[in-house]
Amino acid sequence: MSLAGRRVVLGVSGGIASYKACTIARLLTKAGAHVDVVLTSAGAEFVRPVTFEALTGRPVLSSLWDRGRALDHVRLADDPELIIVAPATANLIARCAQGIADDALCAILLARASAVLLAPAMNDKMYANEITQQNIAALKARGWETVGPEVGALAEGPSDLPGRMSEPEDIFAVAERKLLGGGALSGKRVLVSAGPTREGMDPVRVITNRSSGLMGIEVAREAYSRGADVTLVMGPTSLPPPYGVGTIRVESTVDLAAAIADHVSHADVFVMAAAPADYKPVEVSADKLARSNGRLSVELEPTLDILESTAPERKADCFCVGFALEAGDNIERAREKMRRKRLDLVVYNRVDIEGAGFEVATNRVTLMTKDGEQELPLMAKRAVAHKLFDVIEAGV
Ligand code: CTP
């Protein structure tokens with residue numbers, strides 16, 4: 001629960017994207033935040049207060065005139081650490097830019113003590129209009145921040161201009177970074193690798209492994225939420241990269257090694273979560289190998305141990321993390337990898353434990369440093385990444 005006990009106001013104005021605010025409320029609440037939803041009257045035309053009350057477990061403020069809640073807009077201006085407005089319509093933005101406080105949400109925004117994150121959402125021509133642009137610029141000049149809008153389908157049809165609200169998961173990621181990003185990792189360069197590699201045999205066939213890339217993706221997501229400047233080098237996987245992270249896609253171990261070599265000397269933290277193929281075919285056939293009824297032997301040669309090869313290139317104070325995936329109870333092998341690859345931390349996990357390793361959303365790991373070992377229970381990979389960065393943050 002990355003946002004346990006954090007206080008957030010979610011303002012919802014009225015547009016077709018209002019329904020997506022339900023997902024934002026859900027993501028914030030699931031992460032442990034106390035979410036007070038404030039609906040404009042137009043917002044309440046799209047989503048009823050009871051929906052948000054069920055999602056957040058807290059009462060919704062939708063009018064300055066609600067009986068018994070006369071001063072709630074004053075409390076909600078002082079109390080939260082962050083106010084997110086999603087969707088922020090052209091009308092809401094214009095009212096804020098003019099300092100108008102004719103409903104509960106605008107009154108809170110005018111009296112606020114906390115940071116504001118707006119997620120604009122409107123018709124593309126309304127967004128492009130100079131008046132809207134000036135209003136947004138005026139609010140930004142006063143320290144308000146925005147996420148999106150994106151180019152993409154609008155309710156009225158496809159568009160190649162910005163107007164569509166950013167996805168709820170992306171708005172959540174930016175909000176999380178605003179709430180968590182002030183620590184030791186703020187502004188640090190974090191390099192992460194994720195996923196398998198693929199070694200070609202011919203134009204059609206490859207040798208690969210079962211890594212999904214999820215562990216490395218969650219590591220990159222966690223680093224972004226803590227304010228880091230993150231580069232993710234990702235082998236072939238169908239999973240999307242996290243929001244806000246510079247992503248380089250690679251295919252083979254040679255490509256992965258080259259991308260890592262380009263970035264590793266600048267990294268303050270390097271987490272090698274990828275599962276590069278350890279062997280590749282000695283020869284790659286230019287044509288598709290024809291099938292025959294006899295056996296086929298493919299000669300393999302070892303690939304470069306990327307992590308070990310980067311040791312001389314890393315900055316002296318680079319905090320370097322490797323994974324050790326072992327078949328069976330073999331912590332001594334993990335220790336040997338830590339020494340040989342010159343690592344500050346090893347994430348030791350086992351292929352033979354249910355719910356751990358490849359192709360699952362959870363992992364069960366032991367975090368090993370020179371100071372000792374921390375055995376963690378089975379948990380979601382994002383939670384593993386959270387624990388990992390607690391140790392990294394103490395070490396950078
Ligand atoms: N690793 C690497 N380059 C490779 C293979 C692995 O950089 N060619 C990295 C992995 O990303 C991981 C660490 O080295 O961070 C350990 O990987 P692991 O598969 O556990 O060990 P290997 O070194 O490949 O040895 P083995 O397969 O014999 O256990």
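**Figure 1. Lys20 counts as buried, at 11% relative accessibility.** This is a close-up of a predicted model. The side chain of Lys20 meets that of Glu167 in a salt bridge, with 3.7 Å from N to O. Glu167 sits in the loop between strand S7 (162-164) and helix H9 (168-180), and Lys20 in the loop between strand S1 (7-12) and helix H1 (21-30), so the pair ties together parts that are 147 residues apart in sequence. Glu167 is partly exposed, with a relative accessible area of 31%. Because the cut-off for buried is under 20%, Lys20 at 11% falls in that class, whereas Glu167 at 31% does not. In general, side chains of opposite charge can pair when their charged atoms come close. The structure holds 33 salt bridges.

**Figure 2. Glu218 and Arg221 form a salt bridge.** The N to O distance is 2.7 Å. Both residues belong to helix H10 (residues 214-225). They stand three residues apart, which is about one turn of the helix. Glu218 counts as buried, with 12% relative accessibility. Arg221 counts as partly exposed, with 28%.

**Figure 3. Arg364 pairs with Glu375 in a salt bridge.** The closest N and O atoms of the two residues are 4.0 Å apart. Arg364 is in the loop between strand S18 (362-363) and strand S19 (365-369), and Glu375 is in strand S20 (residues 372-375), so this pair ties together parts that are eleven residues apart in sequence. Arg364 is partly exposed, at 37% relative accessibility. Glu375 is exposed, at 61%. Elsewhere, salt bridges with shared partners form one network. Its members are Glu176, Glu222, Arg226, Arg382, Asp390 and Glu393.

**Figure 4. Cis peptide bonds precede Pro87 and Pro149.** Most peptide bonds are trans. The bond that joins Ala86 and Pro87 is cis, with omega of about 0°. Pro87 is part of strand S3 (residues 82-88). A cis bond also joins Gly148 and Pro149, again with omega of about 0°. Pro149 lies in the loop between strand S5 (145-146) and strand S6 (150-151).

**Figure 5. Arg342 and Glu359 have positive phi values.** Most residues other than glycine have a negative phi. Phi of Arg342 is near 50°. Arg342 occupies the loop between helix H13 (331-340) and strand S17 (345-350). Its side is open to the probe: Arg342 counts as exposed, at 54% relative accessibility. Glu359 has a phi of about 60°. Glu359 is in the loop between S17 and S18. Glu359 counts as exposed too, at 52%.

**Figure 6. Tyr279, Leu296, Val298 and Leu300 make a nonpolar surface patch.** The patch covers about 390 Å². Leu296 is in the loop between strand S14 (279-281) and strand S15 (300-302). With 62% relative accessibility, Leu296 counts as exposed.

**Figure 7. A shell of 16 residues surrounds the ligand.** The closest are Ala274, Leu307, Phe323, Lys337 and Lys341. Nine residues of the shell are nonpolar, two are polar and five are charged. Helix H12 (306-309), strand S16 (319-326) and H13 each supply at least two of the shell residues. S16 gives the largest share, four residues.

**Figure 8. Leu304, Phe323 and Lys337 place polar atoms beside those of the ligand.** A polar backbone atom of Leu304 is 2.9 Å from a nitrogen atom of the ligand. A polar backbone atom of Phe323 is 2.9 Å from an oxygen atom of the ligand. Lys337 uses its side chain: a polar atom there lies 2.7 Å from an oxygen atom of the ligand. On its own, the ligand has 570 Å² of accessible area, and the protein covers 81% of that. Phe323 and Lys337 are also among the closest residues of the shell.

Methods. Residues numbered from 1 in each chain as written. Predicted model: local features only at pLDDT ≥ 70, side-chain atom pairs only at ≥ 80, totals over all residues. Heavy atoms only, no water. Buried < 20%, exposed > 50% of the residue type's maximum accessible area, 1.4 Å probe, protein only. Patch = residues over 30% accessible without salt bridge, like charges linked within 9 Å, V, L, I, M, F, W, Y side chains within 5 Å. Areas by Shrake-Rupley, 256 points an atom, 1.4 Å probe, with all protein chains shown as cover. Near = heavy atom within 4 Å. Polar contact = N/O pair within 3.5 Å; in protein donor to acceptor, adjacent residues only side chain to side chain. Nonpolar A, V, L, I, M, F, W, Y, C, P; charged D, E, K, R; others polar.
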